[in-house]
Amino acid sequence: MRFYNLLFFPLLLAGTTMALNCSVSTISAALPSNVSVSWAYSLAAGSTFDVPAGDTGFPTSPTNLSACCAVAVEVPAPGNTTYNFGMFLPDTWNGRFLTAGNSGFAGGINWLSMGDGLGYGFAVMSTDTGHNSTAIDASWAYEEPEKVVNWGYRALHGSIVLAKQLTEGYYGKNISYSYYRGCSTGGRQGLKEAEMFPDDFDGVVAGAPAWWTVHLHLWNMMVGLYNEPVNSSYHVDTSLFSVLGDEVLKQCDPQDGVEDNIIMDPIGCNFRPETLLCTANATNTSSCFTAPQLDTAYHWYNDWVEANQTFIFSHFQPGSEWQWDTSIGLLSSDVPSPLGTDYVQYMLGLGPDWSWTEWNPDLIALSDELNPGNATAGDFDISPFYEKGGKLIHYHGLSDGSIATGSSIYFYDHVLRALTPQGIDLDDFYRFFLIPGMGHCADTSTTMDAPWYIAGDGQAGYLGTDVHSVPGFSDAKHDVLLAMLAWVENGTAPDSIIATKYVNDTTHDEVLRQRPLCVYPDQAFYNGTGDVNSTESWTCKSLY
């Protein structure tokens with residue numbers, strides 16, 4: 001059974017059930033003549049939306065949907081390219097518009113995240129960014145600069161403009177508020193929207209943003225290069241990741257003030273990997289590190305810096321080791337991740353025959369120069385978004401094994417540097433939250449079992465295909481999207497967000513832990529008494 005905060009949730013669902021005509025002709029009438037409606041049909045309450053077989057990027061079908069009109073639209077774009085977007089238009093509409101983001105290089109409409117958004121009552125949209133592929137396949141980009149621009153920003157913005165027009169035409173009334181929620185590439189898309197098109201959204205929720213495209217994808221490859229070749233003395237086998245992770249937990253957990261198997265402050269941890277050094281008489285090296293292997297570990301735990309102390313990208317945080325050898329981890333193979341190599345081959349244009357063994361630092365300058373698709377969201381002066389009244393909530397897992405958490409801190413600090421001299425207080429419109437123990441966008445290790453669920457983009461799918469919001473806690477204190485609505489519409493800024501960890505990460509089991517996430521740079525500290533698994537036992541405090 002789910003319990004909702006009656007002070008806020010009914011306001012979200014408030015709307016009128018209208019007599020609506022979900023048909024291709026009705027949808028077409030609300031759009032420009034050069035736009036094609038691929039299909040439109042009604043879904044009854046409780047239906048499953050079967051994702052089309054061609055949607056490789058987001059193949060999971062959402063289930064138990066609210067009654068709605070499902071729509072797919074194709075849009076012409078420059079260079080003889082196209083992009084598509086999909087919509088769920090609820091029969092009972094709350095008057096608001098929501099856009100769901102994408103991930104990696106993936107091409108496809110994010111129907112599962114849209115299903116989550118539909119559950120709130122939003123008219124919800126997602127775009128395929130103009131191609132079809134998995135998250136780690138960028139071969140579609142080779143010698144296709146217009147397709148890369150579509151992926152970089154054009155398809156999202158164009159889809160937003162048309163989807164808003166469609167929504168207002170379908171319901172015959174104006175949208176009251178517009179929101180964005182995305183993580184990873186979706187987080188980058190949200191920041192890019194705030195920078196380039198500040199009028200598109202009233203509120204943007206950006207998780208673990210892949211904002212620094214020109215450096216991130218090279219770092220995706222570099223962390224693997226540190227561990228090559230596999231027959232070298234410094235190669236660290238994947239079987240040693242858990243050994244390293246266990247030692248990190250052993251050292252870092254007590255340093256944050258309470259031993260609970262969660263590393264609350266990996267940035268402040270003084271970790272010494274030398275405790276894992278193999279002794280002179282060691283005959284079994286499956287649980288220890290040689291000196292050259294420790295050098296490799298130091299590369300992973302330290303920023304990537306090139307000649308003349310040029311900072312290129314941030315490092316893995318201690319506590320992220322559990323995600324290094326997963327499907328989204330960057331160290332799960334004996335060769336560098338395609339997130340790096342495909343970027344060089346197909347987006348930088350060196351071609352499919354280019355090999356990671358040909359790496360040289362000149363690629364950094366080439367990447368900076370080309371900035372494929374103008375995808376990098378590096379315009380730190382987001383004062384236009386502030387001036388129009390926009391709100392930004394940004395979050396990142398402190399155990400992210402895919403996009404280094406420090407890249408988000410770097411972004412926040414550079415926005416601070418750009419706006420503080422203009423007399424703008426970031427807390428007035430921009431709140432940043434770090435999530436201890438959370439990996440990339442969602443989830444946590446079975447060892448830490450850290451509270452991570454805040455209804456960020458894509459998180460509901462970890463609990464089930466029919467989930468939306470925070471089961472049992474659908475309010476602005478626990479749900480980051482509802483926190484954004486409360487901020488935009490009621491002026492209630494989130495001073496903290498309560499993260500939840502369910503037993504076995506299912507909606508049918510009890511809550512294991514909850515804990516407040518604090519507005520950066522504040523951190524949560526244990527009060528010294530009370531249940532460490534209870535929110536009331538923790539207080540947000542500043543270290544500065």
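Student: How do the residues lining the largest pocket divide into nonpolar, polar and charged?
Tutor: There are 19 nonpolar, 23 polar and 1 charged. Ala, Val, Leu, Ile, Met, Phe, Trp, Tyr, Cys and Pro count as nonpolar, Asp, Glu, Lys and Arg as charged, and the others, Gly among them, as polar. This is a predicted model, where local features need pLDDT of at least 70, side-chain atom pairs count only at 80 or more, and totals for chains, interfaces and linings use all residues. Numbering runs from 1 along each chain as its sequence is written, and side-chain values use heavy atoms, with hydrogens and water left out.

Student: How much space is in that largest pocket?
Tutor: About 1,000 Å³ (an open set of 1 Å grid points where a 1.4 Å probe fits, with protein on both sides within 12 Å along at least five of seven lines; lining residues have an atom within 4 Å of a point). Of its 43 lining residues, Ser103, Ala135, Ile328, His440 and Tyr462 are the closest to the centre.

Student: Which helix gives the most to the lining?
Tutor: Helix 6, with 3 residues (helices are DSSP H or I runs of at least four residues, strands E runs of at least two).

Student: OK, the sheet. What's the strand order?
Tutor: 2-3-4-7-6-8-9-12-13, an open sheet of 9 strands with mixed pairing (at least two DSSP bridges between two strands). Strand 2 (36-43) and strand 13 (430-435) are at the edges with a single partner strand each, so one side of each has no neighbour in the sheet.

Student: And in which sense do strands 4 and 7 pair?
Tutor: Antiparallel, over 4 bridges between residues 81-90 and 123-127. Met87 sits opposite Met125 of strand 7.

Methods. Points joined across faces, edges and corners; volume = space filled by probe spheres on them.
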